[in-house]
Amino acid sequence: MSVSSDVHPDPTHEAGLSREQAARLLAECGPNTLAPPAVISLWSRVSAQLRDPLIIVLLAAVALTVATADYADAIIISVVVLFNTTVGVVQEVRADNAVAALSAMTAPTARVRRDGTEQEVASADVVPGDVLMLGEGDIVPADATLRQAAALLVDESTLTGESVPADKDVHGTDPDTARLRAGTVVVRGRAVATVTATGAHSALGVIAASLHPRQQLTPLQKRLAGLGKVLALVTVGLCLLVLGLGLLRGQSLELMAVTAISLVVAAVPESLPAVVTLGLALGARRMAARNAVVRRLSAVETLGSVTVLATDKTGTLTEGRMLLERVWTPLGTVTVSGTGYEPVGEFLHAGLPPTPALADAVREVLVTGALCNDASLVPPAEAATPWAALGDPTEAALLTGAAKAGCAREGLLRDRPRVGEVPFDSLRKRMTTLHSTAGGAIDICLKGAPEAVLEPSLLDEEPEVLKRAREEAAALSAEGYRVLAVAAGSHTALPDPAEKSESGLRLLGLAAISDPPKAAAEATVLACRSAGITSVLITGDHPATARAIAVRVGILRRDEAEQPGLVVTGQELAAGQIPDLTAVRVFARTSPQQKLDIVGAWQARGEVTAMTGDGVNDGPALRQADIGVAMGRRGTEVARQAADLVLADDELTSVVAAVEEGRRVYANIRRFLLYALAGGAAEILIMLLGPLFGLVLPLRAGQILWINLLTHGLTGVAMGAEPSSPDAMHRPPRRPRQHVLGGGLWQRVLRLSILVTAVCLGASLWVRHTGGPWQTVLFLSLLAAQLGVALGLRERVLTRRNLSLPVAVLTAAALGVAAVYVPFLAHLLGTSALSWPDIGIAAAAGLIAFIAARTECSRSPEGRG
Ligand code: ATP
């Protein structure tokens, strides 16, 4: 792999397009996107709902009732069909909108030069003729021709399948080397290129045209669809039993058929898919409001069961705002004062200004660090704002240090322009730049991790000096500093390839850079621990630095810091010296590829792993992790597009917030299942057992459907927005393989349904005994009992959060009463007016069911979900 070092300025492309030109081209050529997703028409949504087997059965029932002139039932069944279809369509549209909003939030962006300034635009707005600025980790947004390239290496595997990245250069023998294709990834170097084709005309467009991406169901949706089928079969079986028994008792076939159909419709939780989809979509929206943007709906449910959080260090656990604090040279050490990136500070040696010799030695370290550097410092726009840095914070810290010594990079580069480079990458852990001097010589500037620099093959130094430098580096790392060794040399001619320059150099010194832990990092790690999530640190930094930070943020306890086996290095991993990766808490000096092994080891143990990453090589690990987490601001485009979760604020606490939302969604789905299945089972039991107690046809078809409408349609959907339990994050995560009805849920369904059946049958038998309208009492009791269960399953009954649930319950109760007292409805449903004591009996049934639901849930170790 050769490293090119040519930078070819092309003045014709300096300014790029003007804003007007870009807008005109966008209108002419269309957006730089692949074929937009087909808009689903309202009619196709409605017809999809009408193709649902349950609805088909209901439509058949409408036909049957009309044919037999049973207009009352025909009207009610039609209302149910209308209501279910409307709810289904509305929820689908809401879920789709939520997903579309999420995609927009993580849409790819590109850097272009327009009107002479560099700006970030949505990739969709890139037009032919745009001047693209590309750097490490960028995804090439459109086909383009190279104008300038520095050490450019591009991964084209998405298009060609070729796994070895290709060198790209302006002047290659093969014209392909100067061509960039949409969808490929810059793995190293920088480039300026002019866009030649966008959207469907680009290489990616041509490939994508043959693919038809489809929205996939999430694992939970798939499992629930399976469960739904089983439930439907069981219910149909039981309803056939009701039908058969009714016929045996001499009821008419038409009456029993409509009753059995209504019972199927009522007992099967047909709103389950809608509740789940909407629950996931609302969960995703709430996560986005808490700065955690999911890129796939399935991530919402997976987040709830995360058991391991593997995080990187710089910028995630630490501020990522680096400060050069000490410089070591063979002549002595100086400390550097100052804050942030403001180039103001003092150099002191043992509290006094350094001797001229030491000051010169330090200056040499700083000048070399500033030359071997791609960052830049940005002065404050207003007096109140601090200095900022563009580029790698490590390099910015060195620039600031040099500026404090009066050496600005621009001035240094003017005297010694860069003529070549071997860029930094996390495998080599060092970077070299080559500069031409006025005298015609080539100066070599090198900086990197101590163990990648303090090598006899690179440095022409006495072993004694190397030994001292290594000891000093180890001591500084143990204090938590990121340490860089700096070396320099000179050649008479430009070495080709540039790597050849990395030998025979002089060690100038060490730079110790601090990067304090974020204020919230310790609290985040603690929050994970109390939620049963193990935090693991994976970093490219030195083990001593990593250990010091891990102790400070609580990943390691103080007494664990020196315990063998908890902190390991990538080298030990590579040598196969670590038998159990899941016992390790800190991985230092790891390569991005090793992250894959670490995730794999956790997954093999059945754990659900969330992993942060932002580098260009982190893509595979992010994809492999159950939840790949990328930083929205700091992360590379590649990392963002490979991730499942993008943190808009770059704060790790947002992962914890997302886990909490994920747990809430899952708990609410289980809550809905408990409610809907217990209600459905009670309806069937009542219809099966009622006749044994002399209630010939316990409920009429219309009554069953009315209850179904009020309990599932209104209340059930409102359950999806219930707040999370206050102790949701103080419980261990659910076991990943746990069935959605596991953890005692189906037993609770059974107990609650038996209780509701007993209470409702008891109430109606009592009223029949007193000569009252037993069927209407049974109808109202069953409705009241189900609403009682809905309220009883809340975390806190009287919370103001999710007012939609109490409102839904009250509305359902009012419509239940209306079914008895509004003459038209009473006629339709066949109910009769009740006396006050009868109403009291129905209310008591509701109260008993409410108390039973609360008792049932207080027994459950995992709360009400
Ligand atoms: P983290 O997990 O903290 O984000 P990382 O994986 O990003 O760490 P790298 O950026 O790969 O770590 O850095 C590894 C080592 O390489 C650092 O400890 C440092 O010694 C050295 N290093 C980092 N940046 C540069 C640079 N720009 N030039 C030279 N050496 C560098």
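**Cores, ligand site and cysteines**

The largest nonpolar core holds 145 residues, and L224, V294, L303, L645 and L673 touch the most other members. Helix 22, residues 653-689, supplies the largest share of this core, with 19 residues. Two domains contribute at least three residues each: domain 2 (47-93 + 215-300 + 658-859) and domain 3 (301-318 + 519-657). All of this is read from a predicted model. In soluble globular proteins, nonpolar side chains tend to be buried together.

Take L673 as a way into that core. Neighbours within four places in sequence are set aside here. L673 then contacts L224, L227 and L272. It also contacts A678, V740, L741 and L745. L224 is thus named twice: as a contact of L673, and among the residues that touch the most other core members.

There is also a second core, separate from the one above, with 31 residues. Among them are F347, V362, M431 and L508.

Next, look at S262. This residue sits in helix 8, which spans residues 253-267. S262 counts as buried because its relative accessibility is 1%, and the cut-off for buried is under 20%. What does S262 touch, leaving aside neighbours within four places in sequence? Its contacts are A701, I704 and L705. A519 serves as a distant reference point: S262 and A519 are 257 residues apart in sequence, and their C-alpha atoms are 59 Å apart in space.

Now turn to the ligand. There are 19 residues around it, and T314, D392, T539, D541 and R589 come nearest. Three of these can be described atom by atom. A polar side-chain atom of T314 is 2.4 Å from a ligand oxygen. The side chain of D541 places an N or O atom 2.8 Å from an oxygen atom of the ligand. D392 instead pairs with a nitrogen atom of the ligand, with a polar side-chain atom 2.9 Å away.

Finally, the cysteines. How many disulfides are there? The count is 0. A disulfide is a covalent bond between the sulfur atoms of two cysteines. The cut-off used is a sulfur pair within 2.5 Å. C372 does not pair because the closest cysteine sulfur, in C445, is 6.3 Å from its own, too far for a bond. C760 is in no disulfide either; the nearest cysteine sulfur, that of C239, is 17 Å away. Are C372 and C760 buried or exposed? C372 is buried, at a relative accessible area of 0%. C760 also counts as buried, at 0% relative accessibility.

How values were computed. Residues are numbered from 1 along each chain as its sequence is written. This is a predicted model: local features need pLDDT of at least 70, side-chain atom pairs count only at pLDDT 80 or more; totals for chains, interfaces and linings use all residues. Side-chain values use heavy atoms; hydrogens and water are left out. Buried means under 20% relative accessible area, exposed over 50%, partly exposed in between (1.4 Å probe, protein chains only). A nonpolar core is a set of buried Ala, Val, Leu, Ile, Met, Phe, Trp, Tyr and Cys residues joined through side-chain atoms within 4.5 Å. Helices (H or I, at least four residues) and strands (E, at least two) are DSSP runs, numbered from the N terminus. Domain bounds come from an automatic or database domain assignment. Contact means heavy atoms within 4.5 Å. A residue is near a molecule or strand if one of its heavy atoms lies within 4 Å of it. A polar contact is a pair of N or O atoms within 3.5 Å; within protein, one must be able to donate a hydrogen and the other to accept it, and residues adjacent in sequence count only if both atoms are side-chain atoms.
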